[in-house]
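Hi,

Here is the structure I promised to pass on to you. Have a scroll through it first, then read my notes underneath.

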Amino acid sequence: MENTYLEKFREWLTIKGFTSNTVQGLNKTVKHFLNWIEPQNIEPENVSYNDVLAYINYKRKQGNKPRTLILIVNALNHFYRFLQSEYQLNENPASNVQIKGIKRKVLQEILTPEELETIYKNYSTENKTHTHNKIPPQKNNLLAKKRNKIILGLIIYQGIRTEELAKLELPDLQLREGKINIQGSKRTEGRLLKLEAHQIYDLMDYVHTIRKQIIECKIKQGFTLPPSGEAGRGLVFISVGTSLNFANIMQKLVKSIQEKNKKIKDIKHIRTSVITNWLKIHNLRKVQYMAGHRYVSSTEAYQINNIEELQDDIKKYHPIG
């Protein structure tokens, strides 16, 4: 079975585009690990997080430096991603292993579900009182805020990317079924996501009232919208002002959020928190689907943000000094 795994692992790496030298190096490292677990009667698919830590400790005692240990963990990460992809293995036991003595990227502070909910609820759709500033018109500003709260909800509850929000079209809103369809792209997978009950009602109001008012305002400003069926007319989210760039909508949205919560860095910070929180209650494959990740390794990258659990595990099990 070991040789079968290694042969298929070599093929998998080659298909992924790794050079022959890299494939050979990764295969050699994984072979040493498989030889180590064999006398202990541990099957590769039954390896646990603690087994990986024990092996790393064994290699450390042999005199391997931290950077070499990093390479070993990296090889095992690739091997278990391969097993997840080809053999439907549920978890990657090497994904959260860290080697002390190596500087690592600082993790973002993850927003809890409660904090995300508060951000959504505190986003005001009311206009501030202005006595001198009439640009943009108060009605336009109010419409923009109502639209932006809908967008914020889709980020917080469904984790939708900025580029996906920009391309969202009216047929993608399956409001009778309480779902939203996210089209796939070269980088992402399509998915059908459930909407919260309040989102269904808010989206209905937006599509039938607010969006139509935005279109009326655009026409009054002299804009000629494309015919129905072409890009623009069928888009769910339309800018209120003169700019047609969706990025401007997102910049203003982030600025509004940051006025009440300085902790927020950007929209990606919110999405990272959403996916990390999903991983606490759903299995890896389900989160991969919900996030639209093409590869499970993309989803695994968010597991390291599960800081509290990771720190507890390290204190309890980590043998590396």
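**What I found**

Let's begin with Ala247, which you'll find in helix H9. One thing to keep in mind as you look around is that this is a predicted model. Is Ala247 buried, exposed or partly exposed? Its relative accessible area is 33%, and because buried means under 20% and exposed means over 50%, Ala247 counts as partly exposed. Now look for Ala166: 81 residues separate Ala247 from Ala166 in sequence, yet their C-alphas are 8.5 Å apart in space.

**More pairs to look up**

Trp36 has its place in helix H2. With a relative accessible area of 18%, Trp36 is under the 20% cut-off, so Trp36 is buried. Try drawing a line from Trp36 to Tyr58: the two are 22 residues apart in sequence, and 9.7 Å apart from C-alpha to C-alpha.

Ile99 sits in the loop between H4 and H5. Its relative accessible area is 3%, so Ile99 is buried as well. Ile99 and Ile70 are 29 residues apart along the chain, while the distance between their C-alphas is 6.5 Å.

Then there is Gly292, in the loop between H11 and helix H12 (296-300). How accessible is Gly292? Its relative accessibility is 0%, so Gly292 counts as buried. Its partner on my list is Gln183, which is 109 residues away in sequence but 9.4 Å away in space, again C-alpha to C-alpha.

**Two helices to trace**

Helix H4 covers residues 66-87, which makes 22 residues. From its first C-alpha to its last H4 reaches 31 Å, close to the 32 Å expected at 1.5 Å a residue. The buried residues of H4 include Leu69, Ile72, Val73, Leu76, Phe79, Tyr80 and Leu83. Here is a handy bit of background for that list: an α-helix has 3.6 residues a turn, so residues three or four places apart point the same way. The buried set in H4 also takes in Asn77, His78 and Gln84. Just after H4 comes Gln88, with a positive phi of about 60°.

H8 has 24 residues and spans 34 Å between its first and last C-alpha, close to the 34 Å expected at 1.5 Å a residue. Where does H8 bend? The bend is at Tyr206, and it is about 45°. Tyr206 is also one of the buried residues in H8, and others among them are Ile200, Leu203, Val207, Ile210 and Ile214. After H8 you reach Gly222, whose phi is positive, near 100°.

**A backbone angle to check**

Most residues other than glycine have a negative phi. With that in mind, go to Asn41, in the loop between helix H2 (20-37) and helix H3 (49-61). Asn41 isn't a glycine, and its phi is positive, near 55°. Asn41 is exposed, because its relative accessible area of 70% is over the 50% cut-off.

**The core and the cavity**

The largest nonpolar core has 54 residues, and Phe237 and Ile270 are those with the most contacts inside it. Several elements give two or more residues to this core, including helix H5 (113-122), strand S2 (179-182), H8 and helix H10 (267-278). Which element gives the most? That is H6, with 9 residues.

How many cavities of 30 Å³ or more are there in the whole structure? The search finds 1, with a volume of about 40 Å³. Its lining is made up of Tyr120, Lys149, Ile150, Gly153, Leu154, Gln199, Asp202 and Leu203. Sorted by type, these lining residues are 4 nonpolar, 2 polar and 2 charged. Helix H6 (138-158) and helix H8 (197-220) each supply at least two of them, and H6 has the largest share, 4 residues. Notice that Gln199 and Leu203 turn up twice in these notes: they are in the lining of the cavity, and they are also buried residues of H8.

Have fun exploring!

Technical notes: Residues numbered from 1 in each chain as written. Predicted model: local features only at pLDDT ≥ 70, side-chain atom pairs only at ≥ 80, totals over all residues. Heavy atoms only, no water. 1 Å grid on protein atoms, 1.4 Å probe; cavity = no way out; pocket = protein on both sides within 12 Å on 5 of 7 lines; lining within 4 Å. Points joined across faces, edges and corners; volume = space filled by probe spheres on them. Nonpolar A, V, L, I, M, F, W, Y, C, P; charged D, E, K, R; others polar. Expected span 1.5 Å × (residues − 1). Bend = angle between axes of the 7 residues up to and from the residue. Buried < 20%, exposed > 50% of the residue type's maximum accessible area, 1.4 Å probe, protein only. Core = buried A, V, L, I, M, F, W, Y, C linked by side-chain atoms within 4.5 Å.
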